[in-house]
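Trainee: Got a minute? I'd like to go through this one with you.
Mentor: Sure, put it up.

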Number of protein chains: 2
Amino acid sequence: MRLLLIHSDYIEYEAQKKTAMAEEDILGKDSLNDAITAFCAVESIDEEDLSDVVSQAAAEILATAEKVNAERVMIYPYAHLSNDLATPDRAVAALKALESALSERIEVKRAPFGWYKSFKLSCKGHPLSELSRTIVPGGADAPAKKEVSREWFVL
Amino acid sequence: MRLLLIHSDYIEYEAQKKTAMAEEDILGKDSLNDAITAFCAVESIDEEDLSDVVSQAAAEILATAEKVNAERVMIYPYAHLSNDLATPDRAVAALKALESALSERIEVKRAPFGWYKSFKLSCKGHPLSELSRTIVPGGADAPAKKEVSREWFVL
Ligand SMILES: [Mg+2]
């Protein structure tokens, strides 16, 4: 899973148009203030152990939220972060599981998968306000593979 | 070069803090309305032929601007799009060359490299408003390698 985490003054979205893989029964419009916007791309390799990838992603997002003192998370599906995506049904399952895992610890909303959406975002711009991470299966119980997880980038 | 092109109602940035690789003599704050925001990551492979990558990138950005009827481009350095970045001096050279190439055809601004920046962005949300592309050296005069360029993604 590729993650791009942006500490945001606000994130707002509005679903505009379905794609062929549009999730049904969605909230068409929503927003959060002072939140981590978690742009997520679920990758094909993640299908090897979706639940492991989801728990690693949840841990990363929570650690970042704590570090920057953010109390809310907007999960935002973002296929543009990867060239090797999971199938849409697996991606939606992972994003729902991520929402569920985070909801035990923090306020969380999730933008719908498979819709063209307009959005407005304000990135705070402090040194920890933009972080990216690649997560692969085999984190917690396979430390050797964990090293594939990549370092944070700045700018 | 990785490109993420967002057809934006507005893009505004403000430089907040230098990193170790900060460009000097910058415009600390700027904005554009109804523009293509071109998030760019210059990659190490691009160093094999920077000028080729720059001309391919300029062509992609111009084609997209024409398609969506945008008359302005904000070049926005965005290292988070790649795990294998060019050296900072090559990246700045490429981004300046891209600015120069685009300026012959369209109004263009460039956000500074190597600064932590706050930004505000509004993505229009129509089907062509978010496009990503990976460009590699060897486009125009080496069609065989061109196939490495990847397809547009939706959502
Ligand atoms: Mg496991």
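Trainee: Salt bridges to start. How many does the structure hold over all chains?
Mentor: The count is 20 over all chains. Keep in mind that this is a predicted model.

Trainee: Give me one example. Which residue does A:Lys109 meet in a salt bridge?
Mentor: A:Asp30. The two side chains sit at 2.8 Å, N to O.

Trainee: And what does that pair tie together?
Mentor: Two strands of chain A. A:Lys109 is in strand 4, residues 107-110, and A:Asp30 is in strand 2, residues 29-41, so the bridge links parts 79 residues apart in sequence.

Trainee: Now the interface. How many salt bridges does the rule find across chain A and chain B?
Mentor: Zero. For polar contacts across that interface, the rule gives nine residue pairs, both residues at pLDDT 80 or more.

Trainee: Which strands of chain A supply the side that touches chain B?
Mentor: Strand 1 (2-18), strand 5 (115-123) and strand 6 (130-134) each give at least two residues. Strand 5 of chain A has the largest share, with nine residues.

Trainee: What's the make-up of that side by class?
Mentor: On chain A, 17 nonpolar, twelve polar and seven charged residues.

Trainee: How many residues are in contact?
Mentor: 36 of chain A with 36 of chain B.

Trainee: And what area is buried between the chains?
Mentor: About 3400 Å² between chain A and chain B. Carbon and sulfur atoms give 57% of that area.

Trainee: Back to strand 5 of chain A. Does it run parallel or antiparallel to strand 5 of chain B?
Mentor: Antiparallel. Five bridges join strand 5 of chain A to strand 5 of chain B, residues 115-123.

Trainee: Which residue is the bridge partner of A:Lys120 in strand 5 of chain B?
Mentor: B:Ser122.

Trainee: Switching to symmetry. What rotation superposes chain A on chain B?
Mentor: A rotation of 180°, with 0.0 Å of shift along its axis. The RMSD is 0.0 Å. That is how a two-fold axis relates two copies.

Trainee: What share of the contact residues of chain A recur in chain B?
Mentor: 100%. The same surface serves both copies.

Trainee: Last one. Which residue of chain A comes closest to the rotation axis?
Mentor: A:Leu121, with its C-alpha at 2.7 Å.

Methods. Residues numbered from 1 in each chain as written. Chains lettered and ligands numbered in written order. Predicted model: local features only at pLDDT ≥ 70, side-chain atom pairs only at ≥ 80, totals over all residues. Heavy atoms only, no water. Contact = heavy atoms within 4.5 Å. Buried area = accessible area lost by both parts, 1.4 Å probe. Salt bridge = Lys/Arg side-chain N within 4 Å of Asp/Glu carboxyl O. Polar contact = N/O pair within 3.5 Å; in protein donor to acceptor, adjacent residues only side chain to side chain. Helix = DSSP H or I, 4+ residues; strand = E, 2+ residues; numbered from the N terminus. Nonpolar A, V, L, I, M, F, W, Y, C, P; charged D, E, K, R; others polar. Pairing = 2+ DSSP bridges. Least-squares fit on C-alpha atoms with pLDDT ≥ 70 in both.
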